[in-house]
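Let's work through some short exercises together. Have a look at the picture first, then try each task before you read its solution.

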Amino acid sequence: MLEESASLIELPLNATEEQILGGINFEHVLKTGKRKFQHGLLARAHGKILYIDEVNLLSNGVANILMNVKETKEIKIEREGISSDYYSDFLLIGTMNPDEGVLSSKFLDRFGLYVHVKGETDIQLRKQIIESRLAYERDKEGFCKQQQWQLADLQNHIQLAKRLLAKLSVQEEIERFAAEITLQACCEGHRADLLLIETAKAMAALNQENTLSIKHIQEAAEFVLPHRMRDVINQQQKESSKDESVQTDIENNQTEMESIKEPFQAEQTNKDGEFEQESIIKESVEAPQELIDLSLIEPFVQKSSIRKEGNGKRTRTKTSKKVGRYIKSKLPIGKPSDIAFDATIRVAARYQKVRKSNGNFIVIHSSDLRQKVREKRTGNLILFLVDASGSMGVKKRMSIVKSAILSLLQEAYQKRDKVGLITFSNDESKVLLEPTRSIELAIKELAEIPTGGNTPLALGLETALNKIRLINYKDPDYAPFLVLITDGRANSMKSAGNQWKEAITICDEIQSQKIKSMVIDTETGFIQLGLAKELAKEFGASYCKMEDIRSDSIVKAINSS
Amino acid sequence: MVQHKLYPLTEIVGQENMKLALILNVINPFLGGVLIRGEKGTAKSTAVRALAEIIPSWATKEEYSSVSLKVIDLPISATEDRVVGTIDVEYAIKTGEKKFEPGILAEAHNQILYVDEVNLLEDHIVDVLLDAAAMGVNMIEREGISHSYPAKFILVGTMNPEEGDLRPQLLDRFALSIEVYGEKELSKRMEVIQRRLQFEDNPDAFIERFNYDQQHLRNSILSARDILKDVVVPDQLIEMAVKIAIMNEVEGHRCDITMIKTAITIAAFENRTEVIVEDISRAAALVVPHRLKRKPFEKRTFDTAIIESVINSYQVLQ
């Protein structure tokens with residue numbers, strides 16, 4: 001076993017909630033008959049640094065515990081016949097690769113400071129990095145010895161700064177400036193103000209300066225604000241969208257997206273408040289900077305790397321199958337299938353004194369059995385159903401669909417989405433792209449999309465419905481999302497019945513299966529029948545016109561739902 | 001257990017890049033693994049196992065002969081308990097004491113960890129794999145147990161890109177990547193069939209026949225291990241690696257560091273103690289391709305012209 005560092009505790013991703021909080025020590029109970037609480041990881045972290053690598057991959061439960069404890073510094077346990085109450089105050093350090101998904105804004109806020117690291121671009125520096133690394137690998141001890149003096153210097157420097165910090169006082173003028181900045185950044189609550197001042201103090205102390213100045217606050221803002229100023233951009237963006245004098249392409253998309261999004265919004269908030277916040281982050285990303293008057297905080301906007309993709313969609317589901325990460329245990333309902341042995345033994349331990357031995361050291365009754373709760377990350381199954389008949393603009397339509405699919409797949413590994421394509425034309429409906437996460441497969445399969453012929457709408461809808469059913473049967477954790485691209489006009493040679501009526505029946509079926517959907521209307525020209533709009537109503541789907549949309553906004557619309 | 005006869009590494013037709021990448025990793029176990037991308041039935045698994053058989057584990061460097069490197073499989077169906085380890089339930093019930101049963105990651109310490117179809121691994125298994133691969137340590141915080149075990153392994157993964165992509169974080173953990181294809185040439189394909197049939201017909205005779213080649217390879221790997229620490233890299237070649245990395249717009253520094261380490265290992269394998277330009281360009285082809293940033297609507301391609309231009313600019317200077 002490796003030694004644990006004196007001042008740093010690491011939280012591995014495999015940690016269970018019980019392990020983090022603590023629980024009964026079953027060995028002790030069995031030996032002495034007395035209950036004894038075994039402290040969890042958080043107790044060990046008290047007064048130390050708690051380091052989490054890949055912090056964005058933590059399970060929701062563990063993340064929630066961390067957030068609570070970081071806030072209250074107190075842990076209360078009531079489980080397995082034990083009550084315990086202890087303090088844990090730690091310095092939380094997390095690292096993550098934003099490509100793998102972002103943190104919820106609530107969790108982000110628990111981190112005092114925020115740094116975005118990038119590779120160095122200076123050739124000499126990069127060379128030095130390689131050389132140091134090689135030297136270190138060749139002779140670890142020797143390398144560390146060489147650095148001893150520098151490390152000692154740094155230690156002294158920090159000690160000195162700590163002493164200085166205690167003596168620093170904060171002028172009212174500084175406080176006002178800090179408050180002004182955070183006000184402009186629309187940070188929630190007062191955490192940012194206080195952090196700004198505390199960070200500025202630490203900066204002054206580190207520079208061995210005796211007085212706190214505005215410069216320190218500015219420097220501190222670079223670390224304190226980037227991950228907290230999401231609302232400012234969002235709010236101002238709404239204002240600016242009314243402002244007709246500034247109109248950019250990006251903004252156009254933005255408003256388009258707003259309108260497509262609205263029908264989903266209500267549902268979103270119902271489901272989970274956090275999700276909505278996450279999608280706000282996402283929007284902030286695309287906010288055009290020139291639209292915002294951020295004289296004080298502008299420098300930090302660019303540095304913020306919460307930019308890229310908000311991860312509103314990726315959901316974590318508690319799964320019933322024996323797959324996924326074991327996060328905690330619970331009382332089984334009915335017959336337990338996935339037994340959590342550790343929890344079961346802990347429960348059984350309490351009763352050993354009064355139970356008759358059956359030869360084993362521990363006698364386990366069925367009432368002791370606990371089941372594992374597992375969690376799995378899943379994504380959406382995004383299925384495109386596209387009218388490929390010989391109507392006008394079919395080539396363009398197909399190229400837009402193709403690029404939308406490829407863009408979605410770019411992010412598929414991150415969001416755990418699968419994307420597929422079904423077309424209908426010429427009395428046929430074909431699965432052109434089996435739902436997949438592979439971009440290479442999509443490129444190959446979509447090299448050619450056959451078009452032309454009549455429009456068997458009902459057949460297409462039926463194929464899509466069957467496909468969704470089949471996939472959900474195999475993997476119920478995928479949430480289906482259907483994107484129908486059509487003008488709503490249906491005709492077919494084979495079907496004797498009324499195509500439109502058949503289509504409506506299947507739409508109802510799709511709606512009753514609670515499949516989320518979206519209709520993109522391709523109808524153009526002077527006389528418009530508005531059939532696609534009607535179809536959307538039948539679906540309970542959101543609706544938009546093709547002419548208002550480009551492939552990237554399809555992606556945006558899907559992402560925001 | 002029946003001892004399975006392994007096809008000799010030296011007799012695999014073609015797939016030179018794959019063989020090289022694997023050999024480099026056993027010469028220098030701190031290189032960081034290899035990802036093999038490509039079709040099924042291209043001797044991926046055969047090569048990995050055949051290599052392990054002839055090479056002693058570096059943990060037992062002193063007594064070369066005895067223990068050969070093991071290939072520990074991480075099946076895609078593996079559960080987290082098995083991967084990171086778990087409490088020994090039987091022991092606990094019988095004795096009332098906790099005992100920890102180490103998992104696959106701990107077993108793979110100082111060995112090859114082989115993940116077939118690594119792109120199909122469950123997400124949470126990838127997470128724990130990342131944790132271990134980053135630090136060379138397997139940390140456990142579950143089932144009333146806080147433990148950490150050393151888990152330094154050569155990570156070898158295979159995947160068919162048409163079945164889904166690898167997560168970016170895991171992709172970057174693989175030091176090298178190579179693409180394998182079935183041979184396109186008729187005569188080569190015939191040779192593959194013939195050798196395989198000969199092997200299956202009489203494995204012992206086949207192995208015996210190529211024993212000399214195998215021994216030769218083994219010896220050159222072992223002597224490369226010995227001189228590895230003496231290989232020097234001229235200053236301007238480090239700069240060259242940096243420029244290649246910058247021009248390919250790769251993220252972070254792992255690319256340049258790995259490129260140099262790979263070049264050093266190639267030099268050692270060729271029994272040289274100084275890295276030359278060619279080593280850098282060979283290393284770049286193994287290190288850069290899977291680290292290229294994806295651009296929308298493009299298949300990722302690795303442009304050798306960039307590397308050539310960097311290299312040429314140096315040769316002009318000299």
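Here is a definition to start with: a residue counts as buried when its relative accessible area is under 20%, as exposed when that area is over 50%, and as partly exposed in between. Keep in mind that you are looking at a predicted model.

**Exercise 1. Two chains**

Describe chain A and chain B by their helices, their strands and their share of buried residues.

*Solution.*
Step 1: Start with the helices and strands. Chain A has 22 helices and 16 strands, while chain B has 14 helices and nine strands.
Step 2: Turn to burial. In chain A, 52% of the 561 residues are buried; in chain B, 56% of the 318 residues are.
Step 3: Look at the surface. Chain A exposes about 27100 Å², with carbon and sulfur atoms supplying 51% of that area. For chain B the exposed area is about 13700 Å², and carbon and sulfur atoms supply 53% of it.
Step 4: Ask how far along the sequence the contacts reach. Take the contacts between residues at least 6 apart in sequence: in chain A, 76% of them join residues at least 24 apart. In chain B, 75% of such contacts join residues at least 24 apart.

**Exercise 2. Where the chains meet**

How many residues does each chain bring to the contact, and what area is buried between chain A and chain B?

*Solution.*
Step 1: Count the residues. Chain A brings 67 residues and chain B brings 72 residues.
Step 2: Find the area. About 6200 Å² is buried between chain A and chain B, and carbon and sulfur atoms give 55% of it.
Step 3: Pick out the main contributors. Asn14(A), Arg126(A) and Glu440(A) supply 11% of the area that chain A buries against chain B, more than any other three residues.
Step 4: Count the polar links. There are 17 residue pairs in polar contact between chain A and chain B, and seven salt bridges cross the interface.
Step 5: Look at the elements of chain A on this side. Among those that supply at least two residues each are helix 2 (26–32), strand 9 (325–330) and helix 18 (439–445). Helix 6 of chain A gives the largest share, eleven residues.
Step 6: Sort the residues of chain A that touch chain B. They divide into 25 nonpolar, 15 polar and 27 charged.

**Exercise 3. A salt bridge between chains**

Why does the salt bridge of Arg126(A) and Asp256(B) join two chains, and are its partners buried or exposed?

*Solution.*
Step 1: Find the distance. The closest N and O atoms of Arg126(A) and Asp256(B) are 2.6 Å apart.
Step 2: Place the partners. Arg126(A) lies in helix 6 of chain A and Asp256(B) in helix 12 (residues 254–269) of chain B, so the pair joins two chains.
Step 3: Apply the cut-off of 20%. Arg126(A), at 4% relative accessibility, is buried. Asp256(B) has a relative accessible area of 0%, so Asp256(B) is buried too.
Step 4: Find another pair across the interface. Arg44(A) forms a salt bridge with Glu141(B), where the closest N and O atoms are 2.7 Å apart.

**Exercise 4. Salt bridges within chain A**

Where do Glu198(A) and Lys201(A) lie, and how many residues apart are they?

*Solution.*
Step 1: Both residues lie in helix 9 (residues 191–206) of chain A, three residues apart, about one turn of the helix.
Step 2: Glu198(A) and Lys201(A) form a salt bridge, with their closest N and O atoms 3.8 Å apart.
Step 3: Check each partner. Glu198(A) is partly exposed at 43%, whereas Lys201(A) is buried at 14%.
Step 4: Try Lys430(A) and Glu428(A), a salt bridge with closest N and O atoms 3.8 Å apart. Lys430(A) is partly exposed at 35%, and Glu428(A) is partly exposed at 40%.
Step 5: Look for a network. Salt bridges link Glu71(A), Asp109(A), Arg110(A), Arg191(A) and Arg228(A).

**Exercise 5. A buried polar side chain**

Which backbone oxygen lies 3.3 Å from a polar atom of the side chain of Asn138(B)?

*Solution.*
Step 1: Locate Asn138(B) in strand 6 (residues 137–142) of chain B.
Step 2: Check its burial: Asn138(B) has a relative accessible area of 2% and is buried.
Step 3: Find the oxygen, which belongs to Val84(B).
Step 4: List neighbours more than four places away in sequence. Those that Asn138(B) touches include Val84(B), Leu105(B), His147(B) and Tyr149(B).

How values were computed:
Residues are numbered from 1 along each chain as its sequence is written. Chains are lettered from A and ligands numbered from 1 in the order in which they are written. This is a predicted model: local features need pLDDT of at least 70, side-chain atom pairs count only at pLDDT 80 or more; totals for chains, interfaces and linings use all residues. Side-chain values use heavy atoms; hydrogens and water are left out. Helices (H or I, at least four residues) and strands (E, at least two) are DSSP runs, numbered from the N terminus. Buried means under 20% relative accessible area, exposed over 50%, partly exposed in between (1.4 Å probe, protein chains only). Contact means heavy atoms within 4.5 Å. Accessible areas come from the Shrake-Rupley method with a 1.4 Å probe; for residues, only the protein chains shown count as cover. Buried area is the accessible area (1.4 Å probe) that two parts lose on being put together, summed over both. A salt bridge is a side-chain nitrogen of Lys or Arg within 4 Å of a carboxyl oxygen of Asp or Glu. A polar contact is a pair of N or O atoms within 3.5 Å; within protein, one must be able to donate a hydrogen and the other to accept it, and residues adjacent in sequence count only if both atoms are side-chain atoms. Ala, Val, Leu, Ile, Met, Phe, Trp, Tyr, Cys and Pro count as nonpolar, Asp, Glu, Lys and Arg as charged, and the others, Gly among them, as polar.
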